[in-house]
Amino acid sequence: LIGGLVAALPLFVEYSAITKSCSDAWMLGILAVSYAATLPGTKPRWLPGILLGLAIGSRIDMVLLAPLVLWGLWDHHGSEGLWRRTLTTAAAAALTVFISAPWAVTGFVGLLRNTIMFRGVGYWIRESPRLTTLKSLAWEEGLGLVLLATIIGLFLFPVGTKLKRGVLVCF
């Protein structure tokens with residue numbers, strides 16, 4: 001499902017002949033989330049962390065996917081041993097970032113502050129670029145149907161998983 005989504009989205013099709021760090025980062029980030037939510041055994045402790053670290057090393061904005069990776073681990077494996085899995089995944093991601101993008105180590109705090117200020121909080125004097133980006137993603141990039149299917153799917157979860165799904169909705 002994830003592979004088909006990545007292969008068919010207009011954003012990836014349009015940039016398929018161009019090497020761009022943002023498309024690599026998104027593909028690595030999507031892989032990290034999907035592996036965290038589906039891999040059995042001990043691999044989920046380090047493999048999603050490595051993929052998330054490569055995504056963050058490619059593009060610092062991918063640090064915003066870390067809560068989704070941790071949520072995937074929690075949802076797939078339950079609450080028992082969650083702190084150990086979380087710390088192992090975070091350590092693997094941090095080590096991978098430091099190895100793949102050593103220049104980011106010295107300026108990490110500044111990069112993170114800029115990312116939060118411009119992408120998260122934002123301070124603009126005209127129309128919010130968030131709304132413009134949402135319109136562009138929903139209509140021009142073809143994510144409108146995916147967003148609609150996700151919203152409908154959030155109401156169809158089994159009763160026992162309501163808390164975990166509520167946390168995902170808040171993100």
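**A walk along helix 6 and beyond**

Let's start with helix 6, which covers residues 82–100: at 1.5 Å a residue, its 19 residues should span 27 Å, and the end C-alpha atoms are indeed 27 Å apart, so the two values agree. Keep in mind that this is a predicted model.

Now look at which parts of helix 6 are tucked away. Its buried residues are Leu-82, Arg-85, Thr-86, Thr-89, Ala-92, Ala-93, Thr-96 and Val-97. If you peer down the axis of helix 6, these buried residues fall within an arc of 135 degrees, so they line one face of the helix. Turn to the face pointing away from that buried side and you'll meet exposed residues instead: Trp-83, Arg-84, Leu-87, Leu-95 and Ile-99.

Just move on to helix 7, made up of residues 102–106, and you'll find Trp-103 there. Trp-103 counts as exposed because its relative accessible area is 62%, and the cut-off for exposed is over 50%. Trp-103 also has a partner worth finding on screen: Gly-57 sits 46 residues from Trp-103 in sequence, yet their C-alpha atoms are 9.6 Å apart in space.

Time to step back to the whole protein. It has 11 helices and 0 strands, so reading from the N terminus you pass α elements from start to end. Of its 171 residues, 27% are buried. As for the outside, the protein exposes about 11,200 Å², with carbon and sulfur atoms supplying 71% of that area. And among contacts with a separation of 6 or more, 65% come from residues 24 or more positions apart.

Technical notes: Residues are numbered from 1 along each chain as its sequence is written. This is a predicted model: local features need pLDDT of at least 70, side-chain atom pairs count only at pLDDT 80 or more; totals for chains, interfaces and linings use all residues. Side-chain values use heavy atoms; hydrogens and water are left out. Helices (H or I, at least four residues) and strands (E, at least two) are DSSP runs, numbered from the N terminus. Buried means under 20% relative accessible area, exposed over 50%, partly exposed in between (1.4 Å probe, protein chains only). Contact means heavy atoms within 4.5 Å. Accessible areas come from the Shrake-Rupley method with a 1.4 Å probe; for residues, only the protein chains shown count as cover. The expected span of a helix is 1.5 Å times one less than its number of residues. The arc is that of the directions from the helix axis to the C-beta atoms.
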